[in-house]
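Student: I am new to this structure. Can we go through some of the labels used for it?
Tutor: Yes. Ask how each label is earned.

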There are 2 protein chains.
Amino acid sequence: MRGRTVYDRFSRTFRDHPSLSRLLVVFTVSGGGLVAYSEANSFSGVSSINPLEDGSQKKRVVVLGTGWAGTSFLKNLKDPSYDVQVISPRNYFAFTPLLPSVTCGTVEARSIVEPIRNIVRKKNVDIHYWEAECFKIDAENKKVYCRSNADTNMSGKEEFAVDYDYLVIAMGARPNTFNTPGVEENCLFLKEVEDAQKIRRTVIDCFERASLPNLTDDEKQKILQFVVVGGGPTGVEFAAELHDFVSEDLVKLYPKVKDLVKITLLEAGEHILNMFDKRITTFAEEKFQREGMDLKMGAMVVKVSDKEISTKEMKSGKISSMPYGMVVWSTGIGTRPVILDFMKQIGQANRRVLATDEWLRVEGKNDIYALGDCATINQRKVMEDISAIFTKADKDNSGTLTVKEFQEALDDICERYPQVRLYLKNNQMLSLVDLLKDSKGDVAKESVELNIEEFKSALSKVDSQMKNLPATAQVAAQQGAYLANCFNRMEECERNPEGPLRYRGEGRHRFRPFRHFGQFAPLGGEQTAAQLPGDWVSIGHSSQWLWYSVYASKLVSWRTRALVVSDWMRRYIFGRDSSQI
Amino acid sequence: MRGRTVYDRFSRTFRDHPSLSRLLVVFTVSGGGLVAYSEANSFSGVSSINPLEDGSQKKRVVVLGTGWAGTSFLKNLKDPSYDVQVISPRNYFAFTPLLPSVTCGTVEARSIVEPIRNIVRKKNVDIHYWEAECFKIDAENKKVYCRSNADTNMSGKEEFAVDYDYLVIAMGARPNTFNTPGVEENCLFLKEVEDAQKIRRTVIDCFERASLPNLTDDEKQKILQFVVVGGGPTGVEFAAELHDFVSEDLVKLYPKVKDLVKITLLEAGEHILNMFDKRITTFAEEKFQREGMDLKMGAMVVKVSDKEISTKEMKSGKISSMPYGMVVWSTGIGTRPVILDFMKQIGQANRRVLATDEWLRVEGKNDIYALGDCATINQRKVMEDISAIFTKADKDNSGTLTVKEFQEALDDICERYPQVRLYLKNNQMLSLVDLLKDSKGDVAKESVELNIEEFKSALSKVDSQMKNLPATAQVAAQQGAYLANCFNRMEECERNPEGPLRYRGEGRHRFRPFRHFGQFAPLGGEQTAAQLPGDWVSIGHSSQWLWYSVYASKLVSWRTRALVVSDWMRRYIFGRDSSQI
């Protein structure tokens with residue numbers, strides 16, 4: 001139809017300029033609902049749902065969550081032999097890296113969301129979406145219990161249960177308050193689209209309140225004290241956006257109070273953005289200070305009352321308080337109650353985060369997968385399997401390993417234990433021989449043979465290379481795509497396993513383990529630091545950076561891209577809007 | 001700056017196409033906050049504000065409200081000799097005719113609002129804005145009492161008082177529930193931008209709930225029963241928008257439930273749009289029925305519970321109930337509590353609506369003006385002043401009026417009592433002589449003389465032409481502009497009064513009385529009905545009509561116009577968004 005033609009023209013324009021896609025930046029913690037997942041005590045008598053009314057033998061896949069991981073899984077799932085049910089309290093996917101921009105109206109909330117029904121209806125796979133929250137996973141009976149989050153007119157039919165053959169848990173995390181008193185009640189968060197909209201209204205509200213006629217300057221100053229807790233990418237990006245919003249737009253509308261505004265960034269560690277290259281940290285800190293932002297490092301928040309926020313200086317232990325108008329809390333992520341409950345069921349009660357293996361399967365449950373922010377991959381240590389590895393590599397059962405035998409086994413080892421390759425690379429060892437040097441000294445190369453102790457010693461340091469993947473949108477999206485790909489080739493790979501050698505057991509693993517590709521830390525590499533533009537923290541340029549990330553993400557539709565660009569055009573022409581909407 | 005240049009280019013484009021402005025349509029009830037104006041019992045000890053710290057002798061004008069009337073007043077006020085304070089709980093002006101479009105995402109909420117601070121800061125008049133609600137008008141002491149609607153951190157400084165020399169009341173109305181039980185609690189309204197956003201979320205929510213797996217078709221049908229109460233322009237426009245949203249966008253996303261959707265329009269009268277030309281009414285009714293909408297005339301709502309809406313059939317008196325998913329209440333406007341309280345103070349307790357004279361002054365209070373939906377003009381009847389008119393017209397004190405004397409007096413009479421001109425026009429009387437025919441018969445024209453009884457008889461029917469002005473955005477905007485103009489020329493007209501002759505008292509009135517110009521009923525005239533496009537109730541064309549109204553309104557900034565057009569482009573390309581945002 002006519003719409004289609006215009007759409008095509010749009011697409012073509014962007015396709016003709018592939019240079020836009022050269023850079024990648026991802027600058028956020030991925031989705032997942034903040035909605036309180038309440039503990040489930042009573043869920044007996046809930047009717048169970050089996051949508052396979054046609055009596056077909058399709059495997060039932062239940063996906064919990066429509067964030068980066070869940071949506072990416074759905075987008076990449078192509079095998080029509082599954083019956084997929086998606087359950088999430090959010091009926092849309094949100095492009096979370098732009099949330100800080102939404103807080104100040106640089107981009108509109110609506111421009112960064114895409115209805116999940118739009119995403120799934122174009123596929124040839126049977127995908128049903130239910131807008132509900134999963135409040136209980138019953139791994140024993142292969143059921144999930146859900147509750148509609150609509151509050152009225154359901155006549156007691158709010159709860160229902162769904163059976164699964166495979167369960168994909170991708171429900172993200174919740175903000176981590178570290179149980180600091182008062183945070184839940186008095187702080188704003190920045191994980192959901194609604195959070196960003198609430199922050200926006202609150203900022204304007206603070207300016208309006210501070211403008212009221214019967215206040216002293218001191219009282220005005222208190223109301224215009226904005227506090228950001230957490231010096232990670234989200235907190236820093238938000239602080240930068242807020243600063244720009246204030247200095248570019250609000251000062252014109254509220255000239256009488258503009259000098260009373262103060263933005264304070266609190267970070268418990270010694271530096272902001274400490275996961276990135278040092279140059280970026282220094283650059284950002286200097287830029288913030290130059291622009292009059294108040295940076296407080298080594299300050300841990302111990303309490304937030306309705307009027308004051310109290311911090312403890314890490315070095316001296318001194319506690320001080322300051323009044324505030326708005327506090328935005330952005331200090332990382334925690335595990336949702338429903339996941340904690342599930343962990344108890346499957347014997348992971350003593351862990352902080354749900355653990356999966358390298359194939360994203362929840363440990364001990366072959367039919368449950370977990371990905372994105374709600375889980376971490378518990379990577380296998382070489383040292384745990386060292387004897388089995390030695391035995392398999394020692395093909396002639398001589399009790400020693402020749403360099404040749406080791407060399408032949410190395411590819412399999414590296415595939416199963418990626419830390420080995422990382423270790424070689426990070427220590428600039430070009431070959432196996434370099435590795436052996438450390439344990440055997442500088443000897444004649446080809447004739448060396450290793451016994452098990454020497455083999456252990458050669459590999460003893462590699463496990464130190466293991467690192468949890470960061471909780472980013474990029475990782476979640478890659479995990480979703482990886483898992484969908486596994487599902488697409490489930491039968492084929494059952495017959496022809498493509499994974500690494502099984503060191504404990506026979507044959508090969510069905511799939512290759514999940515590998516994160518791309519930058520480990522988004523702005524962290526040498527190369528990225530070199531490419532750092534002069535002014536990236538200021539909005540003009542940071543939006544450019546964000547645009548690259550939008551472009552780079554395959555998850556984002558052309559619709560979202562076009563809307564975001566048109567938002568930027570609107571802002572460029574008319575400025576940001578300061579209405580309380 | 002650069003922004004300015006782009007802006008200029010925009011403006012020029014539009015200015016070059018004046019043809020766009022040919023038509024005018026206004027299709028709404030104007031602004032005013034729905035925020036509950038609570039009764040004020042305790043306001044003693046509130047600090048009083050006088051911002052004239054420089055000791056100047058400027059007259060203090062306080063404006064309550066930032067809707068059509070208030071904003072229009074502010075935009076047109078040019079005399080720098082006033083010190084203006086604007087008080088409103090909404091820090092923006094909203095282009096309310098587009099509210100029905102916001103309910104379904106045809107236009108974005110943000111596109112139809114303009115920050116009031118943006119509007120006032122470009123002027124050379126001192127205008128201060130306070131975001132607060134006026135909860136008490138104290139006409140005795142010339143003070144208004146206000147309360148900030150922010151809920152925290154104000155340390156008891158939420159309330160303050162403002163002194164005025166002139167008070168301009170333009171705070172609009174609230175939805176009229178006719179005290180029907182359950183309406184306040186269970187229905188949605190359509191007066192504020194937030195209302196429209198809430199309706200939008202509720203519609204999507206109903207579709208999501210109806211899609212849940214454990215419901216019977218009967219239960220789904222109940223959830224997808226949308227009810228619109230009130231067949232006025234707002235209700236009809238909303239029903240049409242909802243129908244288009246459902247049939248153009250939602251059926252694709254919710255294919256399983258599309259046949260269960262039902263939209264019912266309830267109207268207590270015998271026809272919808274009964275203030276308009278009959279052809280429009282018939283056209284709209286037929287179109288609605290053709291498209292499967294459920295029209296119920298003569299059905300008065302008597303009760304709304306959380307699950308059911310009960311109606312009484314006007315003819316038979318039979319009461320029936322039906323379940324619903326969403327009810328939108330749009331049956332006209334009522335007076336706010338703060339105005340009712342004020343009416344008691346000034347002796348208007350027995351009236352339903354605040355009354356002003358033709359100069360928009362509140363009756364009995366020379367320093368208080370009221371305009372827009374919160375007041376009606378109590379037009380002077382000719383019959384009340386008939387003796388005084390006769391005496392003034394009878395210049396030679398002969399006790400009779402010659403045709404010449406009458407003719408000379410007629411212009412003054414028509415200016416003071418516009419119903420006279422309207423009567424002549426509506427009865428197609430080309431001259432005074434035609435008027436006299438009725439009372440004196442067909443006699444020799446110039447020689448006739450009238451005594452007071454004959455004069456009374458000639459004018460006896462003219463007062464029947466008096467009609468209250470409709471509560472539309474157009475009227476409110478014209479009143480605001482009129483009043484600003486009076487304020488601009490206050491001193492000049494004090495010296496040289498330009499108003500009509502005072503029949504009771506000496507001299508002339510200072511200003512001409514307010515006159516509403518333009519279409520009395522927006523789509524009501526012969527001409528408009530002739531211009532009616534084939535399909536105006538469907539969104540494609542109605543948005544075009546609305547666009548004309550946007551263009552025609554001088555209140556709307558180029559920013560708003562450009563945003564609305566770009567929203568339409570977005571919708572044209574990508575469809576409406578169905579995310580719950």
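Student: Which residues are linked in a network of salt bridges?
Tutor: In this predicted model, the network links Glu108(A), Arg200(A) and Arg110(B).

Student: What makes Asp367(A) and Lys142(A) a salt bridge?
Tutor: Their closest N and O atoms are 2.8 Å apart. The cut-off is within 4 Å, so the pair counts. Asp367(A) and Lys142(A) are 225 residues apart in the chain. Asp367(A) sits in the loop between β20 and β21 of chain A, and Lys142(A) in the loop between β7 and β8.

Student: Why is Asp367(A) called buried?
Tutor: Its relative accessibility is 14%. Buried means under 20%, so the word fits. Lys142(A), at 30%, counts as partly exposed.

Student: How do you know that Glu408(B) and Lys395(B) meet in a salt bridge?
Tutor: The N to O distance is 3.7 Å. That passes, because the limit is 4 Å. Glu408(B) lies in helix α12 of chain B, and Lys395(B) in the loop between α11 and β23.

Student: Why is Lys395(B) called exposed?
Tutor: Lys395(B) has a relative accessible area of 61%. Exposed means over 50%, so the label holds. Glu408(B), at 43%, is partly exposed.

Student: Why is Cys134(A) not in a disulfide with Cys146(A)?
Tutor: The two sulfurs are 5.1 Å apart, too far for a bond. A disulfide needs them within 2.5 Å. For Cys187(B), the nearest cysteine sulfur, in Cys206(B), is 13 Å away.

Student: How many disulfides does that rule give over all chains?
Tutor: Zero.

Note on methods: Residues are numbered from 1 along each chain as its sequence is written. Chains are lettered from A and ligands numbered from 1 in the order in which they are written. This is a predicted model: local features need pLDDT of at least 70, side-chain atom pairs count only at pLDDT 80 or more; totals for chains, interfaces and linings use all residues. Side-chain values use heavy atoms; hydrogens and water are left out. A salt bridge is a side-chain nitrogen of Lys or Arg within 4 Å of a carboxyl oxygen of Asp or Glu. Helices (H or I, at least four residues) and strands (E, at least two) are DSSP runs, numbered from the N terminus. Buried means under 20% relative accessible area, exposed over 50%, partly exposed in between (1.4 Å probe, protein chains only).
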